[in-house]
Protein chains: 4
Amino acid sequence: MIIVTKPDATEEQIQHILDRIKEWGLKAEVSRGAVRTVIGVIGPEDQIRERPIAAIPGVESATPVLKPYKLVAREFRGGNVGEVKVGDVAIGGREVVLMSGPCSVENREQLVGIAKAIKSAGAKILRGGAFKPRTSPYAFQGLGEEGLRLLAEARAATGLPVITEIMDTKHLEIIEQYADCLQVGARNMQNFSLLKEVGRSKLPVMLKRGMSATIKDLLMSAEYILNEGNFNVLLCERGIRTFETYTRNTLDLNAVPVLKAETHLPIVVDPTHGIGLRQHVLPMALAAVAAGADAIMVEVHNSPEFAKSDGEQALLPDEYADLVQRTRKVAEAVGRSLGK
Amino acid sequence: MIIVTKPDATEEQIQHILDRIKEWGLKAEVSRGAVRTVIGVIGPEDQIRERPIAAIPGVESATPVLKPYKLVAREFRGGNVGEVKVGDVAIGGREVVLMSGPCSVENREQLVGIAKAIKSAGAKILRGGAFKPRTSPYAFQGLGEEGLRLLAEARAATGLPVITEIMDTKHLEIIEQYADCLQVGARNMQNFSLLKEVGRSKLPVMLKRGMSATIKDLLMSAEYILNEGNFNVLLCERGIRTFETYTRNTLDLNAVPVLKAETHLPIVVDPTHGIGLRQHVLPMALAAVAAGADAIMVEVHNSPEFAKSDGEQALLPDEYADLVQRTRKVAEAVGRSLGK
Amino acid sequence: MIIVTKPDATEEQIQHILDRIKEWGLKAEVSRGAVRTVIGVIGPEDQIRERPIAAIPGVESATPVLKPYKLVAREFRGGNVGEVKVGDVAIGGREVVLMSGPCSVENREQLVGIAKAIKSAGAKILRGGAFKPRTSPYAFQGLGEEGLRLLAEARAATGLPVITEIMDTKHLEIIEQYADCLQVGARNMQNFSLLKEVGRSKLPVMLKRGMSATIKDLLMSAEYILNEGNFNVLLCERGIRTFETYTRNTLDLNAVPVLKAETHLPIVVDPTHGIGLRQHVLPMALAAVAAGADAIMVEVHNSPEFAKSDGEQALLPDEYADLVQRTRKVAEAVGRSLGK
Amino acid sequence: MIIVTKPDATEEQIQHILDRIKEWGLKAEVSRGAVRTVIGVIGPEDQIRERPIAAIPGVESATPVLKPYKLVAREFRGGNVGEVKVGDVAIGGREVVLMSGPCSVENREQLVGIAKAIKSAGAKILRGGAFKPRTSPYAFQGLGEEGLRLLAEARAATGLPVITEIMDTKHLEIIEQYADCLQVGARNMQNFSLLKEVGRSKLPVMLKRGMSATIKDLLMSAEYILNEGNFNVLLCERGIRTFETYTRNTLDLNAVPVLKAETHLPIVVDPTHGIGLRQHVLPMALAAVAAGADAIMVEVHNSPEFAKSDGEQALLPDEYADLVQRTRKVAEAVGRSLGK
């Protein structure tokens with residue numbers, strides 16, 4: 001922690017700051033400049049990070065030196081990327097993993113049909129929403145447990161492990177019965193009760209970045225999950241909210257290399273929500289792989305104009321198969337593969 | 001709903017759009033321009049708002065004409081502002097209501113001391129967090145039920161009704177035993193499970209605007225609560241996230257007149273979180289009243305440098321008393337009052 | 001300047017950093033932590049601010065301690081606010097100054113009519129655009145020199161000094177012949193050639209904040225003008241660009257108290273462009289005064305639906321007279337006045 | 001144009017709207033709903049786009065149907081991408097063009113050395129700033145004409161055509177004597193005087209997207225240049241300003257496919273400024289090519305820690321050579337090439 005005093009800080013104020021540092025059991029190194037005094041606080045920064053140092057009279061700013069996250073930090077695993085397994089599919093290795101499926105589970109025919117189509121195209125994991133977070137209370141809210149049952153059926157029919165969203169701590173037990181991976185949505189990225197709860201689950205968790213979450217916020221939310229003992233966490237970039245209105249969100253691919261440098265957790269990119277326009281999902285998927293993503297999640301629907309949610313951005317199965325072929329080439333160009 | 005076709009939409013595509021509109025039991029009026037065709041859809045828009053019309057081949061855009069919210073709309077109450085009662089304090093009338101208290105409930109002396117101080121300064125409602133949403137899992141997470149008990153004690157000692165945050169659907173029952181008003185925080189503004197749950201409570205709810213929530217998003221989240229039967233909802237502007245880094249957030253006072261035009265729900269402004277800098281809370285509180293806020297929430301702490309959360313932005317009791325005096329003058333200048 | 005090294009910085013890298021600091025003629029104080037080394041650089045920070053210290057191998061971050069602006073800083077005038085005179089109207093004192101007029105100068109009847117109306121309502125300065133920055137090349141681009149002549153006529157008819165926008169260094173001479181104050185628009189806030197040119201003018205300059213300019217950026221742009229010798233600069237908050245789409249811009253009133261703390265330059269607020277919706281200009285003007293603005297600029301048009309630019313946000317003369325009356329009360333409530 | 005009336009619009013107001021439309025020589029089609037009336041305006045929309053229709057009493061909203069740009073629209077060239085030539089290097093064809101060079105021209109040895117290095121690595125165009133837009137007036141402002149002369153020398157030494165920034169209409173003549181392509185920087189994207197001036201130049205122009213410019217704003221600014229007769233325009237995505245602070249800017253690769261769909265102008269991506277962190281330029285360059293960029297601009301410096309501007313984000317020549325090799329593979333994976 002580096003404390004900088006105000007220009008008009010008095011000698012008494014500076015002494016009071018030094019006394020507080022001593023109280024905390026830490027050591028201070030003082031550099032007096034012409035205008036301001038700089039105090040370096042030596043010792044375990046965690047003890048003081050949450051203290052309101054800027055509220056001490058005479059303090060102008062207090063800047064941490066160390067990062068606020070520990071368990072998610074790349075150094076925690078000695079600089080290596082960890083692998084997270086969803087069913088028996090490993091994410092975070094040389095292979096770029098494809099996840100796909102409809103936005104919402106709607107009925108058996110829809111789901112099993114799409115699951116078979118994406119599997120034959122090359123997808124390794126099936127996604128589908130049973131509990132749906134919708135901006136409007138009047139929109140389709142998902143099939144609930146019935147949707148979970150259909151996901152398990154689609155898994156039985158295809159062998160694809162299943163990821164689905166959890167919206168409420170009360171649903172953990174029932175979702176754990178059916179799914180292979182929990183998804184925490186962007187709107188719940190800072191629902192800390194939910195983060196703690198999924199941190200106690202045996203299932204892996206895919207945590208989506210909130211619409212106005214900084215990269216640091218995302219890592220701090222992941223830290224909540226790891227801190228409860230669950231280290232099987234995937235981070236998902238899915239677009240942030242900016243001033244641009246042409247696209248639904250602004251897919252922030254800058255987050256991919258930054259996250260890879262900061263954390264050992266594998267990175268998923270969701271170009272479907274990220275750009276939100278069906279005709280532009282393909283180039284963003286290719287760009288995500290080129291930027292270093294470990295997995296790509298793309299929504300597919302067999303009949304977008306009848307979809308109960310997000311039909312505007314879903315690809316048709318044929319378009320998806322084409323995307324997979326092109327993604328394969330880019331993956332190979334950056335030294336990775338798409339598996340069989 | 002107004003549908004605009006792509007320049008190259010075929011006659012078959014246009015006919016297919018018209019067929020779909022007919023299927024929905026609605027009426028279409030078609031205007032053919034030189035380049036694009038415009039189709040006005042006449043009839044109850046709610047039936048089609050959630051349909052993926054932009055996914056129909058040949059459609060370039062589909063723009064709703066009516067607003068997506070009903071119960072929160074100002075027209076729903078015939079253009080009048082509703083009053084919401086917290087304990088016996090009415091919010092939404094001529095009187096501007098002052099809410100105050102510490103960020104977190106820390107202990108009896110702290111809470112009761114602050115409660116007495118703010119009451120004597122003019123505050124009408126006591127705030128204090130028992131369950132705390134914190135970015136870091138290593139930060140103080142609140143006293144939980146013990147904090148609720150202390151809030152009830154402070155109410156007994158001062159007569160001030162109490163507002164506190166709910167973070168988890170599982171906590172509703174216990175909070176209802178102690179509090180007079182539920183607060184849903186910015187990070188949970190789109191936690192739809194929580195919104196539905198507080199929508200079934202007997203207590204009023206103060207819903208804080210999410211950091212990247214548009215005004216429309218905020219109203220849609222409130223609609224969730226009203227749709228469950230709870231019409232006692234306050235909306236709180238508390239700062240949005242922008243590119244500016246000097247201030248903690250950007251308090252968006254533009255939202256005050258816009259919300260007053262759009263909804264009958266009373267508007268609270270929280271300048272403390274909004275600007276996040278203790279020395280600038282006062283002018284933003286005055287500006288909020290001038291802009292038309294129905295209530296102002298300001299954090300106060302008796303010893304900010306020892307606060308367990310947000311000490312950097314809390315006012316001292318004396319500073320708060322000064323703020324109340326100045327706020328009173330501005331309230332009167334805009335034709336309102338601060339009560340006794 | 002505080003330099004923090006990377007965790008894996010070698011002894012040679014640290015020594016190289018210290019050698020560079022010595023080359024610059026500055027002094028280093030080194031604090032070695034368990035993981036990172038912190039180096040405080042003592043001496044005149046200006047010499048090193050622009051050096052690419054973060055490009056030195058082994059450096060993780062380099063954080064300035066002092067502010068990057070000098071001439072605009074409040075300390076430069078010993079903590080006092082300066083007064084800037086436009087014609088004989090002083091801005092920055094106890095009186096809140098009202099500026100008003102149409103967006104564009106359109107013709108003599110329009111301009112003189114509006115000028116008389118706003119003067120009788122209480123305005124002290126007339127605004128009007130002769131050179132207009134328009135997003136579209138097909139939109140009205142202003143009357144040019146003819147517009148300047150009409151502004152001078154309106155000044156002769158009313159006695160109001162005149163402010164108008166400069167868009168090109170080539171126009172300085174001609175505008176200086178007619179106007180009393182130069183306006184640099186939001187889109188040119190970082191047109192550094194223009195800033196230097198107006199810095200050499202005898203006229204005062206009102207510098208509008210760019211749509212994505214931080215408060216620091218705004219101050220640095222003002223520093224360009226003062227650095228050329230022109231200290232008569234007004235800063236104008238006119239709305240920033242955020243994700244919110246209901247309002248045209250997000251008027252950032254937080255900037256008012258922050259700027260007042262940072263600089264001696266007077267602060268103007270433009271609620272018309274800031275919120276961009278005619279029906280909400282009034283409450284934002286009141287809020288701006290409550291927040292501490294030194295002047296308020298509001299657009300008025302005698303026939304908005306026929307205006308050649310920005311008719312959607314202009315007030316009618318009667319609405320403006322009402323705004324002035326209400327503004328007066330708020331100004332008095334915060335210890336200021338509106339003059340006669 | 002589609003006009004929607006307010007719920008309480010009177011019959012007189014609606015008639016007045018219809019009268020105005022008739023005055024403009026256009027045709028109205030009226031659909032009366034239960035609450036609002038929708039009026040479709042048929043005819044050449046350009047005539048009414050700039051009229052303040054929302055200022056007509058009774059109007060709630062007025063939404064254009066057609067796009068506001070014509071010359072830059074993809075349809076203007078029958079759906080084809082145009083090629084723009086810088087010297088004899090064509091941009092916009094199958095080949096992805098590499099531009100590179102230092103941020104600022106500093107001296108002969110630096111510039112010629114870098115030019116030779118990037119040429120041998122595979123770059124086709126040399127960049128370098130002679131007039132530098134700097135946030136601080138105290139930062140290095142560029143060598144001016146001396147810098148232009150050095151650029152011409154580097155061209156003579158390597159055969160690479162040269163692009164350099166223009167900041168002031170007064171400098172056009174001198175820059176035209178030395179350069180092969182003009183760059184309009186992000187901070188001048190809406191400096192409309194400058195846009196008109198470069199629109200009259202014989203040289204091609206690379207227009208960088210402003211930090212808070214929407215894609216539509218960028219296209220409208222390009223329209224200014226084409227409207228003056230200069231159709232040789234390149235659009236450059238270089239990062240937008242968002243709430244994220246880890247990266248210097250947020251490189252918005254979403255803009256690449258969107259711009260390719262909207263315009264015939266070739267698209268350049270500048271990952272150096274876009275992410276602003278040297279260690280992450282490579283993955284963003286690869287992603288840009290995968291997303292469909294026609295050219296990539298990357299800054300290179302032979303000694304970043306001594307650079308006079310932006311040393312923190314410049315690559316070393318060796319790092320650049322590696323980037324070119326990797327970029328080549330991704331270009332081929334998406335069906336393009338990097339030339340010889």
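1. Two strands are taken to pair if DSSP finds at least two bridges between them. The model discussed here is a predicted one, and in chain B of that model strand β2 is joined by six bridges to strand β3, which covers residues 37-42, the two strands running antiparallel. Within this pairing, B:A28 has B:V41 of β3(B) as its bridge partner.

2. These two strands belong to an open sheet of four strands in chain B, whose order is β2-β3-β1-β4 and whose pairing is antiparallel. At its edges lie β2 (27-32) and β4 (59-63) of chain B, each of which pairs on one side only. On average, and with direction ignored, neighbouring strands of the sheet are turned by 20° against each other.

3. The sheet also carries a helix, since α1 of chain B, formed by residues 11-23, packs on it and touches β1 (2-5), β2, β3 and β4 of chain B. The direction of helix α1 makes about 155° with that of β2(B).

4. Turning to rings and charges, a search of the whole structure finds eight aromatic pairs over all chains. In chain B, B:K308 lies over the face of B:F140, at 5.1 Å from the ring centre. In chain C, the charged end of C:K308 sits over the ring of C:F140, with 5.1 Å to the centre of that ring.

5. In chain D, the residue D:P317 lies in helix α11, which comprises residues 317-333. Is D:P317 buried, partly exposed or exposed? Its relative accessible area is 26%, and because buried means under 20% and exposed means over 50%, D:P317 counts as partly exposed.

6. The surroundings of D:P317 can be described further: when residues up to four places away in sequence are not counted, D:P317 touches D:A117, D:V300, D:H301 and D:N302. The C-alpha atoms of D:P317 and D:E299 are separated by 9.7 Å, the two residues being 18 residues apart along the chain.

7. For chain A as a whole, there are eleven helices and 14 strands, and the C-alpha trace spans about 75 × 45 × 40 Å along its principal axes. Of the 340 residues of chain A, 65% count as buried, while the accessible surface of the chain comes to about 11,200 Å², with 48% of that surface belonging to carbon and sulfur atoms. Among the contacts in chain A with a separation of 6 or more, 67% are accounted for by residues 24 or more positions apart.

Key. Residues are numbered from 1 along each chain as its sequence is written. Chains are lettered from A and ligands numbered from 1 in the order in which they are written. This is a predicted model: local features need pLDDT of at least 70, side-chain atom pairs count only at pLDDT 80 or more; totals for chains, interfaces and linings use all residues. Side-chain values use heavy atoms; hydrogens and water are left out. Buried means under 20% relative accessible area, exposed over 50%, partly exposed in between (1.4 Å probe, protein chains only). Contact means heavy atoms within 4.5 Å. Rings of Phe, Tyr and Trp (its six-membered ring) pair if their centres lie within 6.5 Å; planes under 30 degrees apart count as stacked, over 60 as edge-to-face and the rest as tilted. A charge sits over a ring if NZ of Lys or CZ of Arg is within 6 Å of the ring centre and within 35 degrees of the ring normal. Axes are lines fitted to C-alpha atoms, for helices over the stretch in contact, and angles run from 0 to 180 degrees between N-to-C directions. Accessible areas come from the Shrake-Rupley method with a 1.4 Å probe; for residues, only the protein chains shown count as cover.
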